[in-house]
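Reader: I am new to this structure and would love a close look at one single part of it. Please pick a pair of strands, walk me through it slowly, and then tell me about the surroundings.

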Amino acid sequence: TPGGGTIVAFIRGNNQGTGAGVLGEITLGATVVALNAGDYVEMFVGQSSGSTLGCMNFASEPFQMTKIGGTSGAPPTAASVYKSGAGTQSVANATGTLFTYDSDDYDTASIHDTGSNTSRLVAPSAGYYHIRGSAWWDTNATGYRELRIKKNAGGSYAGGTNITVNAIASAGSTVATQHEVHAAVYLGVGDYVELFGYQTSGGALTVLLDVGRQFSIVLVQPSSSVGSKIGHQTFTASGTYTPTTGTAKIRVRMVGGGGGGGGAVGGGAGVNQAAGGGGASGTYLESWLSPGAAITGGAITIGAAGAGSSGAAGTDGGDTSAVIQGVTYTTKGGTGGQRMLSVASGTNSTYAQGPIATGTAQSAGDVVIQGAGLGGMAAAGGLLWGGSGGSTPLGGGGVPPTSVNDGQAGTGYGSGGSGAQATTANKTGGAGKAGVVIIEEYA
């Protein structure tokens, strides 16, 4: 019955003529609605000509319904919102007015917030969306009515990007003007749309935005398969991370700069020997971030490599940091390797690299691995072992020299340099390797 059930969508049009052969045509555009198993929809028509009118429903213009949804019965990414209570809002004459909505008919993906920025429908993932706006203008015969959909406008009629606009004449002084606007648009993660009204009646008009006149959005085609990799950014120098459009989830891997290897002090003429300790690797951190909203980036600082020193301890590596989602993630640089003073070749002497502080884990599920380097050792009988530089999950540390020589540089990001080996003259520890930030981006 026309008075039963729940209104899903409603449109009213004007008579388009009175002459013979002039047909009036009215189209109710696509509407997205949540239905449970067994629910059904029906279409009703009515008119106020004063007499019976014929109504044709051509095969080329059918009443039809299409299911939109994910695999295995997953709901579509969609939302439909409305204004509760009286459901009205006032629109001043010749003034672009933002419509706000305090209730959800349905919202499957946190698209709408009923507490703040209530005008916005926010895309939770990148793709092509169908958007529908509907309103019912109060009776007034003067001027025209306009509905406009804008992207990222910040609530300003003059701001953002125009998606579409539909302007129609008033339906008259005794009949409310039913109005719809539709659009298909590509939205990136965090982009949003808003609906604005505009009218030229000469005074303020009330517009109805209740159930049946919702503002709705549905994802028709994702830009890529959910979870697929869409980008990869590697920072070996300080800079700024700007997420690729469509990024919904990221894997962050980062490491501080590796420490320089320890030097070895020569003993001059005679049977003396020394071997420096390896520089510690920087702290390594790995984390997956899936905030359920647009990923935001920020400053990237790459920790410098520690240097090896002649006959002295290696210098520490620098800290690496990255600002993501407003949080600063930090991984500490590795400590420089210790030096070894010259000792008689018949004496054993070992200098092991001590532990270093780890970077702070900023979210659940982080993997944090602290760095370390191996000690150097001088043993009886002229045996020397410079300490190996600390390795990281991103590569190996400096390899000890095979004879009296300077240490070797670390090769993997954030790795430490190896310690030097000396007899008569001072030798220099190997340099560490600078840190890195690697960000893999997923839809």
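Author: Let's start at a single pair of residues: K229 stands opposite Y442 in strand β27. What you are looking at is a predicted model, so please keep that in mind as we go. The pair belongs to a longer match, in which β13 and β27 (residues 436-442) run antiparallel to each other over 6 bridges. In general, the strands of a sheet are held in pairs by backbone hydrogen bonds, and the pairing can be parallel or antiparallel.

Now step back to the sheet that holds both strands. It is an open sheet of 5 strands, in the order β13-β27-β15-β17-β23, and its pairing is antiparallel. At the edges lie β13 and β23 (367-369), each of which pairs on one side only. From one strand to the next, the twist averages 10 degrees.

With the sheet in view, move along to Q233, which lies in β13, the strand of residues 229-235. Which residues does Q233 touch, beyond those up to four places away in sequence? Its contacts are Y241, T242, P243, T244, V437, I438, I439 and E441. One of these neighbours, T242, deserves a second look: its backbone oxygen lies 2.9 Å from a polar atom of the Q233 side chain.

Here is another set of strands to compare by eye. Strand β7 (residues 144-151) is mostly covered, with 7 of its 8 residues buried. It has antiparallel partners in β8 and β10. With β8 (residues 161-169), β7 forms 8 bridges, and R148 has V165 as its bridge partner there. With β10 (residues 192-199), β7 forms 7 bridges, and in that strand E146 is matched with Y198.

One more residue is worth a visit: T206, found in strand β11 (residues 205-208). Is T206 buried, exposed or partly exposed? T206 counts as partly exposed because its relative accessibility is 36%, which falls between the 20% limit for buried and the 50% limit for exposed. Leaving aside neighbours within four places in sequence, T206 is in contact with T88, Q89, S90, W136, W137 and D138. For D138, the C-alpha atom is 5.5 Å from that of T206, although the two residues are 68 apart in sequence.

Such links across the sequence also show up in the whole protein. Among contacts with a separation of 6 or more, 71% join residues 24 or more positions apart. The protein has 27 strands and 0 helices. Of its 443 residues, 42% count as buried. The protein exposes about 20200 Å², and carbon and sulfur atoms supply 52% of that.

Finally, a word on confidence. The mean pLDDT of the protein is 83, and 80% of the residues reach 70 or more. Among the elements, strand β3 (residues 97-98) has the highest mean, at 98, while strand β22 (residues 349-351) has the lowest, at 49. Over residues 357-365, pLDDT stays under 50, and the model has 23 contacts beyond four places in sequence for that stretch.

Methods:
Residues are numbered from 1 along each chain as its sequence is written. Side-chain values use heavy atoms; hydrogens and water are left out. Helices (H or I, at least four residues) and strands (E, at least two) are DSSP runs, numbered from the N terminus. A polar contact is a pair of N or O atoms within 3.5 Å; within protein, one must be able to donate a hydrogen and the other to accept it, and residues adjacent in sequence count only if both atoms are side-chain atoms. Contact means heavy atoms within 4.5 Å. pLDDT is the predictor's confidence in each residue, from 0 to 100. Buried means under 20% relative accessible area, exposed over 50%, partly exposed in between (1.4 Å probe, protein chains only). Two strands pair if DSSP finds at least two bridges between them. Axes are lines fitted to C-alpha atoms, for helices over the stretch in contact, and angles run from 0 to 180 degrees between N-to-C directions. Accessible areas come from the Shrake-Rupley method with a 1.4 Å probe; for residues, only the protein chains shown count as cover.
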